[in-house]
Amino acid sequence: MGNLTATRPPQPWTAPTASDPVAATLRLPGSKSMTARALVLAALASGPSTLDRPLRARDTELMAGGLRELGSHMSVSDDDRWLVRPHPLVGPAHVDVGLAGTVMRFLPPVAGLAAGRVTFDGDPHARTRPLGPLIDALRALGVRVDAPPTGSLPLVVQGAGRVTGGDVVIDASASSQLVSGLLLAGPRFDRGLVVRHEGPPVPSAPHVRMTVQMLRAAGAAVDDTTPDVWAVEPGPPTGRGWEIEPDLSGAAPFFAAALVTGGEVTLQGWPRGSLQPVERLRELLHRMGGEVTLGTDGLRVRGTGAVHGLDADLSDVGELTPVLTALTLLADTPSRLTGIGHIRGHETDRVAALAKEFTALGADITETRDGLEIRPRPLRGGTLRTYADHRMAHAAAVAGLAVPGIEIDDVTCTSKTMPEFPALWSGMVTGKS
């Protein structure tokens with residue numbers, strides 16, 4: 001089951017139960033994934049950039065703070081528009097990664113370009129998240145990295161002010177962020193970068209595609225025509241304006257609420273050509289009994305009054321697992337979720353945590369090597385521990401729509417990606433959104 005230690009705060013948050021179908025139109029904060037990538041590209045660009053409707057949350061503020069530590073000018077006082085002015089990257093600097101996978105994997109390659117010593121550390125659990133393949137790749141590229149034998153935080157990058165670049169082989173089967181972190185810095189390497197993945201399939205492939213698309217939007221030349229090989233030509237990204245989409249993973253619990261309650265939720269601001277795997281989410285929700293449409297007013301999900309079980313490989317959208325698990329617990333048939341072994345290395349071991357916590361609430365849920373098997377039966381109220389994982393809180397909130405008395409031990413962990421979550425969620429359920 002892994003290490004699932006947790007600290008229980010004195011005031012749990014009771015997830016509201018829905019007495020009627022929800023009917024809400026919401027505008028959610030921006031995508032964490034897009035905001036993080038835009039910040040890195042802006043810091044490495046040849047001129048200023050703006051981010052419109054970025055996500056202001058713990059992870060993105062840590063990213064901005066880390067880049068500021070390295071010398072970039074970050075003006076983030078305006079919630080709706082952030083301004084980034086690139087400056088020479090320098091040390092000494094210390095980067096607090098918190099529990100953010102994007103920060104711990106995107107900024108060490110950037111630190112290699114800085115002139116000086118850059119230290120990295122974060123929350124206690126951050127030291128258990130896989131970084132070894134990235135450390136090995138940076139060393140292969142000539143970057144000096146001092147790290148424990150475990151290949152984890154804390155680590156020190158002794159930046160030389162430049163990275164030669166070239167070819168590197170990496171096993172990114174633990175996280176697609178290992179590839180994205182290298183690619184984002186690649187245009188600034190003297191010879192560019194060719195990343196070759198060798199190992200089991202890279203999970204969350206849509207996130208790598210997002211990285212490639214955003215690199216190209218910033219003027220970088222990227223060749224991804226060969227499977228598991230990405231080649232980035234040298235040349236600094238251009239400064240530009242970034243329109244940040246709403247966060248799809250953050251939207252998932254709100255969409256799930258439509259299915260659970262037989263209601264309707266519309267999320268405003270969705271572009272026709274999204275960089276996120278909207279079609280994949282649409283397909284999964286449709287199979288579970290939802291109707292998903294994209295119109296001029298936004299992305300709308302309607303519940304049909306039934307929630308069906310799901311047999312699906314979620315390797316490309318592992319971050320949706322907690323919310324989908326909550327839905328399967330309320331479904332009319334059993335479910336099997338596979339391809340999610342990599343989420344054991346997320347904020348917590350999500351596979352183990354979901355099995356442990358929902359079993360404590362009466363669920364019939366079995367943990368497998370790379371997934372979960374769920375056989376629906378009535379749940380009971382009780383306290384669900386989050387292990388400081390925002391997605392665990394989202395899952396508990398979804399289950400709480402149908403099960404009175406579910407308490408979340410620490411709902412403040414949702415500030416990692418959506419500080420507004422408790423208020424938005426309660427407003428949606430009570431009809432005061």
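**A four-stranded mixed sheet, its covering helix and a helix pair**

Strand β11 (residues 193–197) is paired with β13 in the antiparallel sense through four bridges, where two strands count as paired if DSSP finds at least two bridges between them, and where helices (H or I, at least four residues) and strands (E, at least two) are DSSP runs numbered from the N terminus. The model is a predicted one, in which local features need pLDDT of at least 70 and side-chain atom pairs count only at pLDDT 80 or more, whereas totals for chains, interfaces and linings use all residues. Residues are numbered from 1 along each chain as its sequence is written, and side-chain values use heavy atoms, with hydrogens and water left out.

Within the pairing of β11 and β13, V194 has A231 of β13 as its bridge partner. These strands belong to an open sheet of four strands with mixed pairing, in the order β10-β11-β13-β12. Because β10 (166–170) and β12 stand at the edges with a single partner strand each, one side of each is left without a neighbour in the sheet. The pairing of β10 with β11 is parallel and extends over five bridges, with G166 standing opposite L193 of β11. At the other edge, strand β12 (residues 222–223) runs antiparallel to β13 and is joined to β13 by two bridges, V222 having V232 as its bridge partner. Five residues lie between the strands in the hairpin of β12 and β13, where D228 takes a positive phi near 65°.

In a regular strand the side chains alternate between the two faces of the sheet. In strand β13 (residues 229–232), V229 and A231 point one way and W230 and V232 the other, and all are buried, that is, under 20% relative accessible area, with exposed meaning over 50% and partly exposed in between (1.4 Å probe, protein chains only). Helix α5 (residues 177–185) lies mostly covered, with nine of its nine residues buried, among them Q177, S180 and G181. This helix lies across β10, β11 and β13 and runs at about 170° to β11, angles being taken from 0 to 180 degrees between N-to-C directions, with axes as lines fitted to C-alpha atoms, for helices over the stretch in contact.

Elsewhere, helix α10 (residues 350–359) packs with helix α11 (residues 390–400) at an angle of about 35°, their axes lying 11 Å apart. The contact (heavy atoms within 4.5 Å) involves R350, A353, L354, E357 and F358 of α10 together with H390, R391, M392, A395, A396 and A399 of α11.
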